[in-house]
Number of protein chains: 2
Amino acid sequence: MTSRKLNSTNYSNQVYLEERCTLNKLINLLSKRWMTEVLFGIEEGNNRFTTLKDELEHISDNILADRLKLLEEYKLISKESFSEIPARVEYTLTDTGRELSNILEKLCDFSDTCMLSHQQAAKKY
Amino acid sequence: MTSRKLNSTNYSNQVYLEERCTLNKLINLLSKRWMTEVLFGIEEGNNRFTTLKDELEHISDNILADRLKLLEEYKLISKESFSEIPARVEYTLTDTGRELSNILEKLCDFSDTCMLSHQQAAKKY
DNA sequence: GTCATAACTTCGTAATTAATGAGTTATTCT
DNA sequence: AGAATAACTCATTAATTACGAAGTTATGAC
């Protein structure tokens with residue numbers, strides 16, 4: 001994954017928004033593809049690289065690795081490596097991760113009504 | 001803005017995720033740049049194209065127009081045109097929009113602690 | 001009749017993000 | 001020795017999203 005151009009308007013606008021409100025930072029994180037599904041997957045007990053990969057059918061290795069790394073960086077999940085054969089690594093939600101998950105569930109309930117009604121409206125015309 | 005390639009993996013993965021959970025649809029909408037700020041801006045009373053533009057300093061016309069159109073499409077805001085001179089158009093949050101805004105405020109409180117602690121951790125190393 | 005303003009739209013390009021595919025390390029099973 | 005498995009990494013390419021600048025429509029003021 002290539003690094004960002006620090007002198008672009010695109011970048012400086014993102015910084016501007018993140019400074020305006022940290023929500024923009026969080027949404028930027030959560031909006032990366034597969035991110036919420038990885039989080040929910042771990043919450044539901046799919047706590048290994050391969051089980052997550054199996055559950056999320058179409059995700060590619062590098063994306064899953066990246067999302068796990070980000071979630072760990074933001075302390076939403078924690079990683080534990082067991083020195084077994086073959087190697088085993090387990091991920092679990094942190095308290096912060098669980099807190100986030102709870103808020104997202106509310107957002108999810110909301111989106112069920114909001115997004116579905118939009119879908120129907122879009123179909124009609 | 002160019003249209004999507006309907007036969008790409010990129011596209012079919014997005015569809016897959018949106019079918020899995022409507023939250024992915026909502027986050028996809030909210031993650032478009034400036035989207036939450038436009039929503040909050042309207043809530044705070046900046047309900048015209050130009051006042052929003054002034055408040056959001058660096059936003060460009062076409063992006064603001066697009067975000068307003070999307071928010072209206074999803075019935076999060078409503079638009080009223082007054083036949084005055086010069087033309088006046090006003091945007092206001094719908095009930096649904098206000099409901100969303102409330103949930104987002106909770107997410108915002110969360111991100112204040114979560115994202116700020118990450119920032120400090122990142123600075124240390 | 002030219003200028004100004006509000007609220008947009010359109011087009012081309014730059015920047016970012018996702019996907020594909022091959023390679024890595026360590027270890028055991030055959 | 002060769003194949004298999006878990007959990008990754010890296011480079012290249014494809015797709016999407018954001019930006020910049022100019023153009024549009026309607027109306028009234030000068």
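**Notes on a predicted protein–DNA model**

1. Start inside the protein, at Val38(A). Leaving out residues up to four places away in sequence, Val38(A) touches Leu52(A), Leu56(A), Ile59(A), Leu64(A), Arg67(A), Leu68(A) and Leu71(A). Contact here means heavy atoms within 4.5 Å. Val38(A) and Val38(B) have the most contacts inside the largest nonpolar core, which has 69 residues. A nonpolar core is a set of buried Ala, Val, Leu, Ile, Met, Phe, Trp, Tyr and Cys residues joined through side-chain atoms within 4.5 Å. Buried means under 20% relative accessible area, exposed means over 50%, and partly exposed lies in between, with a 1.4 Å probe and protein chains only.

2. A word on conventions. The model is predicted, so local features need pLDDT of at least 70 and side-chain atom pairs pLDDT 80 or more, while totals for chains, interfaces and linings use all residues. Residues are numbered from 1 along each chain as its sequence is written, chains are lettered from A and ligands numbered from 1 in the order in which they are written, and side-chain values use heavy atoms, without hydrogens or water.

3. Next, the layout of chain A. Chain A has six helices and two strands. From the N terminus on, the order is α-α-α-α-α-β-β-α. Helices (H or I, at least four residues) and strands (E, at least two) are DSSP runs, numbered from the N terminus.

4. Consider the overall form of chain A. Its radius of gyration is 17 Å, whereas a compact globule of 125 residues would have one near 14 Å. The radius is taken over C-alpha atoms, and the globule rule is 2.2 Å times the number of residues to the power 0.38. Along the principal axes, the C-alpha atoms of chain A fill a box of roughly 55 × 40 × 30 Å. Of the 125 residues in chain A, 40% are buried. Among contacts in chain A with a separation of 6 or more, 45% come from residues 24 or more positions apart.

5. Now the DNA. DNA strand D is surrounded by 28 residues, the closest being Thr9(A), Asn13(A), Asp61(A), Tyr91(A) and Asn62(B). A residue is near the strand if one of its heavy atoms lies within 4 Å of it. Of the strand D atoms within 4 Å of the protein, 78% belong to sugar or phosphate, and the rest to bases. The surface residues near strand D divide into nine nonpolar, nine polar and ten charged. Ala, Val, Leu, Ile, Met, Phe, Trp, Tyr, Cys and Pro count as nonpolar; Asp, Glu, Lys and Arg count as charged; the others, Gly among them, count as polar.

6. Phosphates deserve a closer look. A side-chain N or O atom of Arg48(A) is 3.2 Å from a phosphate oxygen of strand D. For Lys79(A), a polar side-chain atom lies 2.9 Å from a phosphate oxygen of strand D. Lys5(B) uses a polar backbone atom, 2.8 Å from a phosphate oxygen of strand D. The elements giving two or more residues to this surface are H1 (9-20), H4 (49-55), H5 (61-73) and strand S2 (88-93) of chain A, with H1 (9-20) and H5 (61-73) of chain B. H5(A) gives the most, with four residues.

7. Which side chain has a polar contact with Arg20(A)? Glu37(B) does, at 2.7 Å. A polar contact is a pair of N or O atoms within 3.5 Å; within protein, one must be able to donate a hydrogen and the other to accept it, and residues adjacent in sequence count only if both atoms are side-chain atoms. Glu37(B) sits in helix H3 (residues 35-43) of chain B. Glu37(B) is buried, with a relative accessible area of 6%. Beyond four places in sequence, Glu37(B) contacts Leu17(A), Arg20(A), Cys21(A), Asn24(A) and Leu56(B).

8. Leu76(A) lies in the loop between H5 and strand S1 (77-82) of chain A. Leu76(A) is buried, at 0% relative accessibility. Among the residues it touches beyond four places in sequence are Leu29(A), Leu100(A), Phe110(B) and Cys114(B).

9. Is Phe49(B) buried or partly exposed? Phe49(B) counts as partly exposed, because its relative accessibility is 29%. Phe49(B) belongs to helix H4 (residues 49-55) of chain B. Phe49(B) and Tyr91(B) are 42 residues apart in sequence and 8.4 Å apart in space, C-alpha to C-alpha.
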